[in-house]
Amino acid sequence: MLGFALVQFLFFSINHSLQLPTYSPDSFPNPRLYDAFVALQAWKQSITDDPKNFTGNWCGPDVCSYNGVFCAPAPDDSTVITVAGIDLNHANIAGTLPEELGKLTDLALFHLNSNLFQESLPDSFCGLNLLFELDISNNLFSGDFPSVVLQLPSLKYLDIRFNKFTGNLPCEVFDLQLDALFINDNDFCFSLPSNIGNSPVSVLVVANNNLRGCLPPEIGLMADTLNQIVLLNNELSGCLPYEIGYLKNLTVFDIGFNKFAGCLPESIGHMVALEQLNVVHNLFSGKIPPEICSLPRLENFTYSYNYFTSVPYSCTKLKNSNGDQNCIPFEQKYQRSFEECAHFYLHPANCLSSG
């Protein structure tokens with residue numbers, strides 16, 4: 001078996017080292033398709049493993065027939081056909097992204113979900129002025145946040161989740177005119193900046209990173225657009241700002257597995273579109289405001305593993321509600337022990353010390 005695997009590897013390597021047939025620009029309907037050919041051939045040479053032979057037909061001048069490559073009339077000239085989209089989702093391809101991909105200047109969609117690409121985005125992406133959707137999720141990309149995305153004026157959808165990116169997230173990300181931002185399941189370490197309120201996203205998912213600090217009150221400025229925010233499993237601390245109550249269009253608010261403290265603000269009762277509220281595994285205490293469980297669309301309220309002392313009766317009537325492991329006497333089973341609760345309230349976590 002080892003010998004067979006070695007032969008396969010050598011065969012793949014030899015094929016990739018062979019000189020490609022050359023084509024003159026005259027072999028293509030227009031210069032843009034020639035540039036696309038150059039870019040895609042360079043990319044094919046950067047691929048180290050293609051177990052499904054997805055790029056097996058990436059040869060010859062007819063780039064619009066390549067697997068995963070989609071052509072359309074150019075936005076500035078409908079008589080010119082150009083490469084408008086690339087979708088290699090779930091191909092399990094390994095390799096890197098070469099600088100030549102910057103030649104795909106009419107690219108609007110770039111989808112690489114569920115592959116094994118490494119390193120990061122090439123600097124030449126700065127020339128992709130029409131790029132609208134960028135999805136490189138579930139790969140092996142690493143290093144700092146790919147700051148080249150900050151130079152993409154048409155970008156609306158950014159998904160870099162499930163990679164190995166590290167370090168700080170530039171605050172300029174929240175100045176981008178995005179509709180959706182997914183950066184969860186990396187190893188970013190940063191605090192949410194005050195300019196978060198500049199972001200027009202409807203979906204913000206930052207779960208499973210090393211997010212620290214407080215939730216800034218400027219989050220209330222996202223009221224017109226924000227529909228879902230997921231901050232699950234980070235190191236956030238402090239109290240929730242009153243301004244979260246301004247998020248009248250929010251349907252999902254998930255801050256479980258952090259270090260938030262203090263009481264839940266009564267202003268949550270103003271979040272009239274809220275359907276799912278998850279505050280599990282924090283350091284919240286005191287009484288749960290009755291306004292929360294009176295929200296007209298609330299279906300799921302999970303508040304277990306905190307230190308709440310009282311829960312309104314209306315909360316127990318929700319479709320899905322779990323308040324285990326709190327300090328609620330008599331009303332609930334599976335609560336913390338008297339000793340554990342007494343110890344917590346002797347020195348309760350507060351907004352300044354919870355981090």
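R336 is buried, with a relative accessible area of 14%, and its side chain still meets that of E340 in a salt bridge, 2.6 Å from N to O. E340 itself counts as partly exposed at 33% relative accessibility. Keep in mind that this is a predicted model. A search of the whole structure turns up six salt bridges, and the rest of this briefing looks at some of them and at the sheet.

**The K259 pair**
- K259 sits in strand 18, which covers residues 259-262.
- Its salt-bridge partner is E235, with the closest N and O atoms 3.0 Å apart.
- E235 belongs to strand 16 (residues 235-238) and K259 to strand 18, so the pair ties together parts that are 24 residues apart in sequence.
- On accessibility, K259 is partly exposed at 34%, and E235 is partly exposed too, with a relative accessible area of 27%.
- Another distance to have on hand: the C-alpha atoms of K259 and N306 are separated by 9.9 Å, with their positions 47 residues apart along the chain.

**The R32 network**
- R32, D76 and D106 are linked in a network of salt bridges.
- Within that network, the side chains of D76 and R32 meet at 2.9 Å, N to O.
- This pair links distant parts of the chain, 44 residues apart: R32 is in helix 2, while D76 is in the loop between strand 2 (69-74) and strand 3 (77-87).
- D76 counts as exposed because its relative accessibility is 58%, and the cut-off for exposed is over 50%.
- R32 comes out as partly exposed at 25% relative accessibility.
- As general background, side chains of opposite charge can pair when their charged atoms come close.

**The sheet**
- The open sheet is made of 11 strands in the order 1-4-6-8-10-12-14-16-18-20-22, with mixed pairing.
- Strand 1 (47-49) and strand 22 (307-310) stand at the edges; each has a single partner strand, so one side of each is left without a neighbour in the sheet.
- Strand 1 pairs with strand 4 (residues 94-95) in the antiparallel sense, over two bridges.
- In strand 4, A94 is the residue that stands opposite D49.
- In general, strands of a sheet pair through backbone hydrogen bonds, either parallel or antiparallel.

**The helix across the sheet**
- Helix 2 (residues 31-46) lies across strand 1, strand 4 and strand 6 (116-119).
- Relative to strand 1, helix 2 runs at about 40°.
- Helix 2 is also where R32 of the salt-bridge pair with D76 is found.

Notes:
Residues are numbered from 1 along each chain as its sequence is written. This is a predicted model: local features need pLDDT of at least 70, side-chain atom pairs count only at pLDDT 80 or more; totals for chains, interfaces and linings use all residues. Side-chain values use heavy atoms; hydrogens and water are left out. Helices (H or I, at least four residues) and strands (E, at least two) are DSSP runs, numbered from the N terminus. Buried means under 20% relative accessible area, exposed over 50%, partly exposed in between (1.4 Å probe, protein chains only). Two strands pair if DSSP finds at least two bridges between them. Contact means heavy atoms within 4.5 Å. Axes are lines fitted to C-alpha atoms, for helices over the stretch in contact, and angles run from 0 to 180 degrees between N-to-C directions. A salt bridge is a side-chain nitrogen of Lys or Arg within 4 Å of a carboxyl oxygen of Asp or Glu.
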